[in-house]
Amino acid sequence: MSSDSLRRARILVAVVVVGLLGGTAAAFALTEQLKLERSPVYRTHVGKLLGPDCRSLNCPKRIPIRFVLRKPETLTVTIVDSNDRVVRTLLSRTPRAKGVQKFRWDGRDDSGRVVPAGTYKPRLHLARDHRTILMPNPIHVDTSAPQVSVVSVKPRVFSPDGDGRSDLVRIRVRTSQPARALLFVDGQLRVRLKRFGGAGSLRWFGAGFPAGRYRLVVRAVDRAGNLSAPVKAGVVRIRFVSVRPHVLHAKAGAKVGFRVRTDARRFHWRLGNGGGFSRPGLLVLRAPAAGRYVLHVTVNGHMTTSLLIVSGP
């Protein structure tokens with residue numbers, strides 16, 4: 001190769017290298033400029049979980065969508081599904097001043113129907129800036145109610161008198177998904193578990209309730225507010241003390257027996273001029289002179305009675 005050809009080749013290589021360096025520098029400068037360019041939308045906040053069919057008071061029936069516009073815009077706000085299809089238009093080509101923008105979505109489409117369970121995202125179109133921004137915050141729509149089952153109810157008879165013996169009833173439940181169990185007593189909500197889980201124990205103390213029979217029903221509510229169908233848990237009985245029979249006929253001087261039921265270790269009884277303490281079970285007494293007498297049985301401030309009718313010998 002001649003010296004002139006070699007010189008021209010070197011010059012060509014130098015030109016190519018300079019061109020490549022210049023292109024790289026330009027690309028780097030453009031990238032840095034894009035990095036430094038501030039987004040027209042910032043301080044975004046979108047709720048994460050939505051239960052459109054929820055029935056409880058504290059469930060998320062409407063999801064918040066909030067962001068800040070850096071400058072005035074003609075704004076369109078839509079909700080799109082996982083396939084980028086628009087299911088709901090919250091705002092259409094409307095001039096908005098810069099600053100905080102607040103919207104809410106109730107989990108329904110433009111026809112008013114609840115959307116299928118799945119993941120959705122807010123999408124913004126800024127007409128003046130010729131930009132469309134898909135907010136990265138996913139909204140999970142949950143429309144499936146949990147299922148609840150009753151594992152056990154113990155005891156079926158209890159006495160909420162504070163003596164530490166059978167003072168409450170425990171209802172153990174399981175749920176098909178993390179949920180909060182609820183206990184209804186005669187149709188009224190009485191106990192609510194604080195934590196969401198797949199199993200739990202509802203404890204009803206029955207404080208302030210009189211002796212009697214009570215119907216129990218359990219339900220469960222998930223984090224989206226979906227409420228399960230009611231499940232019967234049977235009947236429990238509050239019994240402080242009971243005496244049988246209610247009425248007893250006897251001859252004067254004869255032995256009589258009353259069956260006393262209570263979970264207390266002992267009870268106090270009074271019949272005519274007599275009285276004392278005894279343990280639960282059969283209370284055997286001697287019938288006094290002819291007449292009508294009321295047997296009073298008292299346990300921890302709770303009293304019941306039975307009638308004894310005594311005839312002559």
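Strands, like helices, are DSSP runs numbered from the N terminus: a strand is a run of E with at least two residues, a helix a run of H or I with at least four. This is a predicted model, in which local features need pLDDT of at least 70 and side-chain atom pairs count only at pLDDT 80 or more, while totals for chains, interfaces and linings use all residues. Residues are numbered from 1 along each chain as its sequence is written, and side-chain values use heavy atoms, with hydrogens and water left out.

**Stop 1: Asp 186**

Select Asp 186, in the loop between β12 (169–185) and β13 (188–192). Its phi is positive, about 50°, although Asp 186 is not a glycine. Most residues other than glycine have a negative phi, and most peptide bonds are trans. Is Asp 186 buried or exposed? Neither: Asp 186 counts as partly exposed because its relative accessibility is 35%. The classes are buried, under 20% relative accessible area; exposed, over 50%; and partly exposed, in between (1.4 Å probe, protein chains only).

**Stop 2: the hairpin of β23 and β24**

Move to Asn 300, in the loop between β23 (291–299) and β24 (302–311). These strands form a hairpin with two residues between them, and Asn 300 takes a positive phi near 50° there. With 44% relative accessibility, Asn 300 is partly exposed.

Now show both strands. Two strands pair if DSSP finds at least two bridges between them. β23 and β24 have nine bridges and pair in the antiparallel sense. To see one place along this pairing, select Tyr 293, which stands opposite Leu 308 in β24.

β24 also pairs with β18, in the parallel sense and over five bridges. Here Lys 251 stands opposite Ser 311 of β24. Strands of a sheet pair through backbone hydrogen bonds, either parallel or antiparallel.

**Stop 3: a sheet of β17, β19 and β22**

Select β17, β19 and β22, which form an open sheet in that order with antiparallel pairing. Which strands stand at the edges? They are β17 (242–244) and β22 (281–286); each has a single partner strand, so one side of each is left without a neighbour in the sheet. Neighbouring strands of this sheet are turned by 30° against each other on average, direction ignored. For such angles, axes are lines fitted to C-alpha atoms (for helices over the stretch in contact), and angles run from 0 to 180 degrees between N-to-C directions.

β17 and β19 (residues 255–261) run antiparallel and are joined by three bridges. Arg 244 faces its opposite residue, Arg 259, in β19. Stay on Arg 244 and look at its bond to Pro 245: this peptide bond is cis, with omega near 0°. Pro 245 is in the loop between β17 and β18 (247–251).

**Stop 4: a second cis bond**

Next, select Lys 154 and Pro 155. A cis peptide bond joins them, with omega about -15°. Pro 155 is in the loop between β10 (148–154) and β11.

**Stop 5: aromatic rings**

How many aromatic pairs does the structure hold? There are six. Rings of Phe, Tyr and Trp (its six-membered ring) pair if their centres lie within 6.5 Å; planes under 30 degrees apart count as stacked, over 60 as edge-to-face and the rest as tilted.

Select Phe 158 and Trp 204, an edge-to-face pair at 5.6 Å centre to centre with 65° between the planes. Phe 158 lies in β11 (residues 157–158) and Trp 204 in β14 (residues 197–204), so the pair ties together parts that are 46 residues apart in sequence. Both Phe 158 and Trp 204 are buried.

Add Phe 209. Trp 204 and Phe 209 are also edge-to-face, 5.1 Å centre to centre and 80° between the planes. Trp 204 has 4% relative accessibility and so counts as buried, whereas Phe 209, at 22%, counts as partly exposed. With Tyr 214 added, ring pairs link Phe 158, Trp 204, Phe 209 and Tyr 214 into a cluster.

**Stop 6: a charge over a ring**

Select Arg 266 and Phe 277. The charged end of Arg 266 sits over the ring of Phe 277, 4.3 Å from its centre. Such a contact requires NZ of Lys or CZ of Arg within 6 Å of the ring centre and within 35 degrees of the ring normal.

**Stop 7: a sheet of β1, β3 and β6**

Finish with the open sheet of three strands in the order β1-β3-β6, where the pairing is antiparallel. β1 (41–46) and β6 (99–105) are the edge strands, each pairing on one side only. On average, neighbouring strands here are turned by 15° against each other, direction ignored. Seven bridges link β3 (residues 63–69) and β6 in the antiparallel sense; Leu 69 has Gly 99 in β6 as its bridge partner.
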